[in-house]
Amino acid sequence: TSLCIIVFTAVSAIIVHWKEKQVHLKLAVVMTLTGVIGAQLGSYLNKITPDNIIKLIFTIVVVIFGFKMWIGTNNGGEEILAANTSNIRFNKSLALILGLIAGTASGLLGIGGALIMVPVMHIFLRIPMNICVGTSIFIVFFNSLSGAFGYIARGDMNLKLAILIAVGSVAAAPFGAKLSVKISREKLRKIFAIVLVRSEERRVGKECRSRW
């Protein structure tokens, strides 16, 4: 259901990022090619993997990426002008592999892939932070769409609930997209790190309280 909501939300955000030239189309296409395959694989793995294992994987990934995003990458590419994506180069083979991994994470964890995609592009491909955000939304749309179809085929989705929640998220997405364009790349990176870790902290806290 969360993947279906993300599909609707991504469309709304993509429009703003595309107008602001925050999408590296070539990188998005390369990572989407393997990302949609990974999303299908992840949705299948979700069905056969125990919940505790999924939660453990998610927690480890969030903590590691959150820490790396906070301290930064000493990336010279951060100085590239945000509007000039044509100057940004990346390793295509590595991008294909990372796309598969992020897509699998998207399908497995039901997170749309952005929480994984942005750190992956920034840390391993050295893409400027604002371009990571815009490009990730483009990739997330296709990954989520692919993963959502996998869940729909097995009847594991509440479509009515997804549409109801998507109404609010679609309306809010453009405001978030415009804000990410105005914020400096360093602040955006640190905000992302905080949101990443805090989201996991709240999830763990909620689970602990429910057990007690």
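This is a short tutorial dialogue on reading features in a predicted model.

User: Let's start with burial. Which residues of helix α5 are buried?

Analyst: Take the cut-off as the general idea: buried means under 20% relative accessible area. In α5, the buried residues are Ile-116, Met-117, Val-118, Pro-119, Val-120, Met-121, His-122 and Ile-123. That is eight of the 11 residues of the helix, which spans residues 114-124, so α5 is largely enclosed by the rest of the structure.

User: What follows α5?

Analyst: Arg-126 follows, and its phi is positive, near 60 degrees. Arg-126 is not a glycine. Its place is in the loop between α5 and α6. With a relative accessible area of 40%, Arg-126 is partly exposed.

User: Where does Lys-21 lie, and what is its phi?

Analyst: Lys-21 lies in the loop between α1 and α2. It is not a glycine either, yet its phi is positive, about 60 degrees. Lys-21 is exposed, because its relative accessible area is 54%.

User: Now a single residue. Is His-17 buried or exposed?

Analyst: His-17 is buried, at 2% relative accessibility. His-17 belongs to helix α1, residues 2-19.

User: Which residues is His-17 in contact with, leaving aside neighbours within four places in sequence?

Analyst: The contacts of His-17 are Gln-22, Val-23, Val-133, Gly-134, Ile-137, Ala-177 and Ser-180.

User: Ala-171 and Thr-9 are 162 residues apart along the chain. What separates their C-alpha atoms?

Analyst: A separation of 8.2 Å. Ala-171 sits in helix α7, residues 159-182. At 46% relative accessibility, Ala-171 counts as partly exposed.

User: On to the surface. Which residues make the nonpolar patch?

Analyst: Trp-18, Leu-25, Val-29, Leu-33 and Leu-96 make it. The patch covers about 450 Å². Helix α2, residues 25-48, gives the most to this patch, with three residues. Leu-33 lies in α2. Leu-33 counts as exposed, because its relative accessibility is 53%.

User: How do I read salt bridges, and how many are there?

Analyst: Side chains of opposite charge can pair when their charged atoms come close. Here the cut-off is 4 Å, from a side-chain nitrogen of Lys or Arg to a carboxyl oxygen of Asp or Glu. By this rule the count comes to two.

User: Where do Lys-47 and Asp-156 lie?

Analyst: Lys-47 is in helix α2 and Asp-156 is in the loop between α6 and α7, so the pair ties together parts that are 109 residues apart in sequence. Their side chains meet in a salt bridge, at 2.7 Å from N to O. Asp-156 is partly exposed, at 29% relative accessibility.

User: What is the N to O distance in the salt bridge between Asp-156 and Arg-154?

Analyst: For Asp-156 and Arg-154 it is 3.7 Å. Arg-154 is partly exposed, with a relative accessible area of 33%. Shared partners join Lys-47, Arg-154 and Asp-156 into one salt-bridge network.

User: Which ring does the charged end of Arg-154 sit over?

Analyst: The ring of Tyr-151, at 5.1 Å from its centre. There is also Lys-92, which lies over the face of Phe-90, 5.6 Å from the ring centre.

User: Last feature: ring pairs. How many aromatic pairs are there?

Analyst: A pair of aromatic rings is described by the distance of the centres and the angle of the planes. The count comes to two pairs. Phe-138 and Phe-142 form a tilted pair, with 5.4 Å centre to centre and 55 degrees between the planes. These two are four residues apart in helix α6, so about one helical turn separates them. Phe-138 is buried, with a relative accessible area of 16%. Phe-142 is partly exposed, at 32%. The pair of Phe-141 and Phe-142 is edge-to-face: 5.0 Å centre to centre, 80 degrees between the planes. Phe-141 is buried, with a relative accessible area of 17%.

User: Which residues form the aromatic cluster?

Analyst: Phe-138, Phe-141 and Phe-142 form one cluster.

Technical notes: Residues numbered from 1 in each chain as written. Predicted model: local features only at pLDDT ≥ 70, side-chain atom pairs only at ≥ 80, totals over all residues. Heavy atoms only, no water. Buried < 20%, exposed > 50% of the residue type's maximum accessible area, 1.4 Å probe, protein only. Patch = residues over 30% accessible without salt bridge, like charges linked within 9 Å, V, L, I, M, F, W, Y side chains within 5 Å. Areas by Shrake-Rupley, 256 points an atom, 1.4 Å probe, with all protein chains shown as cover. Contact = heavy atoms within 4.5 Å. Phe/Tyr/Trp six-rings, centres within 6.5 Å; stacked < 30°, edge-to-face > 60°. Lys NZ or Arg CZ within 6 Å of the ring centre and 35° of its normal.
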